[in-house]
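Here are a few short exercises to work through with the model open beside you. Try each one before reading the solution.

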Amino acid sequence: MQGDGEALFLDCVGEVAVAVGDDGLSFQPLHQEVSSSCWSSIRLQPKLDRLKFSDVYAVELLDVGPMCGPWNTRTVVQPKRNTEMNRFVIHAITRSRKRPSPWVPCEYIFGHKDLKTCKTWVEHINACINKEQDRPKNLMVFVHPLCGKGRGCKNWETVAPLFERAKVHTKVIVTERAGHAYATLASLSDKELKKFDGVIAVGGDGLFNEILNGLLSTRYTDSYPPTPEEFGYLRSSKKCQEHINNGLNSSMSAGDDVNVIFPSSSNILDDHEPLLSTTQSAGLDILSSNTSDEPCNGDQVPLVSFPNSWFRLGIIPSGSTDAIVLSTTGERDPVTSALLIILGRRIPLDIAQVVRWKSTPSTEVVPTVRYAASFAGYGFYGEVIRESEKYRWMGPARYDFSGTMVFLKHRSYEAKVAFLENGNTHSLSASAENVANGVQTLEYLQNRPHKTICRTNCFICKGTSTSEQILEDNISGSSRTASENPKWVWSNGHFLSVGAAVISCRNERAPDGLVADAHLSDGFLHLLLIRDCPLPYYLWHLTQFTKKGSDPLNFKFVEHHKTTAFTFISSHDESVWNLDGELLQACEVSVQACRGLVNLFASGPEV
Ligand SMILES: Nc1ncnc2c1ncn2[C@@H]1O[C@H](COP(=O)(O)OP(=O)(O)OP(=O)(O)O)[C@@H](O)[C@H]1O
């Protein structure tokens, strides 16, 4: 099988010499008649002569069956068309050169007169693909049956055979209510969780957000976001201490005064939102072994903590909003996502940790932790989600309808925002006085930083310190790393919206996303403060998002700060936040970017 290779018959191509290399197979046609045009027959990539094991997800022995010669050569090459042979098939992926993002399953069917030869090839290729690192063997899959237009189950049925073929075991749970996935994961013992290589959401951003929160609620034990001194929650540490003393939190350590370690088990206190209610039993057999046989862990430190290098999350896009999938794979395609999962692709993802200190100005301070993978937004963004709940019967169209209603109300909210200014990171600021002037000046346009788009193998996310990166940082005026002495900068006034994008948040309405140059794992949030401005300017700003290559942040009433953390205070009674499309009532929050907190089955967008 090495060297010059063994002669096999490749369906639709003819006789080829197949050789096994370190990282894949190579094919050489044995007859000149097998021209390059034939090589690019329907099943193969143009001019493909090599198949990498990293792109192969299964190999199977087939029954004896017909093999076709080259479909477009005039000369008949041996053996003749439709000769019966012993066969085996290699299942792999293919991509088009023009549009590399969608991954398409393809088959290479090989034939040989001798069954034993076919069996030996299958065993050998299987051994090679089993050596491929990082492929999942056991996954927990949550299917949201009502997501999108009820596509969840159908999408899972479409991709499930790919997992079966690749021998990836799946434990499938069809969700019965909002909060089901959260409750299952939050109450799952670490011993049970460790049996899985990852969790997959067959749904939209909302289901993914639930899974994320269920996993992190008790397993991420780092400190709260930093807050400015003026925020004044020194008293909160006392509050947290009371919770610990009451036994609500077992893994808290005495940290600094303000930013104490306090995992979101405090969420138990809040039963108004499905995600925050953990008291309801998930009613699943996987929970039956929950605590009884958990190995004794003296320090009560969770066995599974985040970040870690082994566990991954995946999404089979099926929701009405699939911004996380679009921003991390470049496609909204269940098959592409399934193949990225099966082949074990990996990318770290920043997560926003959002601590709600108060839900309304009159309520007590009770810190509650939530996590968002794509976006946290207030004002317009929160109102659209709240309004859309009234029109659930409309399906996904409710977002357009409520967006229009909220836009026409043109409501602004008085708030104070403080963000950490990190040395060289760029800030494009508006001031309250000149918002009515609309777009930015020519000087701004000339000085604005160069955009570095996050792509597959993004050097900014990898954090490598290459000379190109230093050069790029100099050109862009931005820096990957936070400054050692960041300072708090306050921005007060009336805002139409306040939003923090963790990733670009591409979606079908906004092809470049909310922030085109946001990165998947650079450790930064993009804080967007939209000051009150005349309605037509706001409309102009919003419509810019729908055009590829436009600059929606190029308005004087828009502030854009690349930061690692911010704090928000509003005295508004009905303050609501939109976290990955899910509602959270909160008038005081602190937010921080947690760099690479989780890993995704993805390889970055090929944009
Ligand atoms: N079986 C279920 N019944 C009702 N709601 C569910 C169920 N399973 C999950 N949910 C909740 O539905 C919400 C939306 O889920 P998801 O994002 O997957 O779908 P979607 O179609 O994009 O939804 P939406 O349009 O409401 O954002 C999430 O908050 C999730 O917790």
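**Exercise 1.** In which loop does K167 lie? Then work out its backbone sign and its exposure class.

*Solution.* This is a predicted model, so keep that in mind throughout. Start with location: K167 sits in the loop between helix 4 (152–165) and strand 9 (169–174). Next, check the backbone: phi of K167 is positive, about 60 degrees, although the residue is not a glycine. That is worth a second look because most residues other than glycine have a negative phi. Last, count neighbours: K167 has 13 other C-beta atoms within 10 Å, so it is partly exposed.

**Exercise 2.** Do the same for D134: what is its phi, and where does it lie?

*Solution.* Phi of D134 is near 75 degrees, again a positive value in a residue other than glycine. D134 lies in the loop between helix 2 (115–130) and strand 8 (138–143). For exposure, D134 has 15 C-beta neighbours inside 10 Å, so it counts as partly exposed.

**Exercise 3.** Is the peptide bond from F306 to P307 cis or trans?

*Solution.* Look at omega: it is near 0 degrees for the bond from F306 to P307, which is cis. As for its setting, P307 is found in the loop between helix 8 (234–245) and strand 11 (312–317).

**Exercise 4.** How do helix 5 and helix 7 pack?

*Solution.* Two packed helices are described by the angle between their axes and the distance between the axes. Helix 5 (residues 180–187) and helix 7 (residues 205–216) meet at an angle of about 20 degrees, and their axes are 7 Å apart. Angles under 35 degrees count as roughly parallel, so helix 5 is roughly parallel to helix 7. The crossing of the two is right-handed. Now list who touches whom: helix 5 brings A181, Y182, T184, L185 and A186, while helix 7 brings L207, E210, I211, N213, G214 and L215. Sorted by class, the contact of helix 5 with helix 7 has 7 nonpolar, 3 polar and 1 charged residues.

**Exercise 5.** In what order do the strands of the 7-stranded open sheet run, and which strands are at its edges?

*Solution.* The order is 4-3-2-1-7-6-5, with antiparallel pairing. Strand 4 (50–52) and strand 5 (56–67) are the edge strands, each pairing on one side only. On average, neighbouring strands of this sheet are turned by 35 degrees against each other, direction ignored. Zoom in on one end: 3 bridges join strand 3 (residues 24–29) to strand 4, and the two run antiparallel. Among the residues there, S26 has R50 in strand 4 as its bridge partner.

Notes:
Residues numbered from 1 in each chain as written. Predicted model: local features only at pLDDT ≥ 70, side-chain atom pairs only at ≥ 80, totals over all residues. Axes fitted to C-alpha atoms, helices over the stretch in contact; angles between N-to-C directions. Helix = DSSP H or I, 4+ residues; strand = E, 2+ residues; numbered from the N terminus. Parallel < 35°, antiparallel > 145°, perpendicular 65-115°, else oblique. Left-handed = near helix turned anticlockwise from the far one by under 90°. Contact = placed C-beta atoms within 7 Å. Nonpolar A, V, L, I, M, F, W, Y, C, P; charged D, E, K, R; others polar. Buried ≥ 20, exposed ≤ 12 C-beta atoms within 10 Å, placed from the backbone. Pairing = 2+ DSSP bridges.
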